[in-house]
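Me: Please give a close reading of one helix in the following structure, together with what surrounds it. A single connected account would serve best.

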Amino acid sequence: MAEEDNTEAESDFESLWMRLIHMVIIAVMMSMASTLLGLLTVAQFIIMAMKKREPNDQLAEIGTTMGVWMAKAARYQVAASEVKPWPWTELD
């Protein structure tokens, strides 16, 4: 029984380290997403300025999808969820 408890503790420890690796990867991806979102914001503003306040629907959809992904990533980062964001799961 003690051997089984030890194996479970080691498995939990390895799982925790894997979570750290995922968290670091997701943090890098979130940083890149934030930069991309800033670029999309500037592009959307320029488009709206040139088209009399008419936004580009495709850029708006990309921004919405990024927002959903970032929210899912943030929940995983702070351990509010065990569901990893894309690319580990489907993009919502």
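Reply: D57 belongs to helix α2, where helices (H or I, at least four residues) and strands (E, at least two) are DSSP runs numbered from the N terminus. The model is a predicted one, in which local features require pLDDT of at least 70 and side-chain atom pairs pLDDT 80 or more, whereas totals for chains, interfaces and linings use all residues. Residues are numbered from 1 along each chain as its sequence is written, and side-chain values rest on heavy atoms, with hydrogens and water left out.

With a relative accessibility of 60%, D57 is exposed; here buried stands for under 20% relative accessible area, exposed for over 50% and partly exposed for values in between (1.4 Å probe, protein chains only). Its C-alpha lies 9.5 Å from that of Q44, a residue 13 places away in sequence. Q44 is part of helix α1, residues 2-50, and is buried at 12% relative accessible area. Beyond residues up to four places away in sequence, Q44 touches P55, N56, L59 and A60, contact being defined as heavy atoms within 4.5 Å.

The loop between α1 and α2 contains R53, which has a positive phi of about 70 degrees although it is not a glycine. R53 is exposed, at 70% relative accessibility. Most residues other than glycine have a negative phi, and most peptide bonds are trans.

The 21 residues of α2 reach 30 Å from first to last C-alpha, close to the expected 30 Å, a value obtained as 1.5 Å times one less than the number of residues. The buried residues of α2 are L59, M66, W69, M70, K72, A73, Y76 and Q77. These residues lie on the same side of α2, because they cover an arc of only 165 degrees around the axis; the arc is that of the directions from the helix axis to the C-beta atoms.

The largest nonpolar core has eleven residues: I26, M29, M30, A33, L40, L59, M66, W69, M70, A73 and Y76. Such a core is a set of buried Ala, Val, Leu, Ile, Met, Phe, Trp, Tyr and Cys residues joined through side-chain atoms within 4.5 Å. Two or more of its residues come from each of α1 and α2 (57-77), and α2 supplies the largest share, six residues. I26 has contacts with W69, A73, Y76, Q77, P85 and W88, its neighbours within four places aside. The ring of Y76 also has the charged end of R19 over it, 4.0 Å from the ring centre; this requires NZ of Lys or CZ of Arg within 6 Å of the centre and within 35 degrees of the ring normal.

In the segment after α2, A79 has a positive phi of about 65 degrees without being a glycine, and is partly exposed at 48% relative accessibility. V83, also in the segment after α2, is partly exposed at 41%. Outside its neighbours within four places, V83 contacts K72, Y76 and T89. P87 is found in this segment as well, and a cis peptide bond with omega of about 20 degrees joins W86 and P87.
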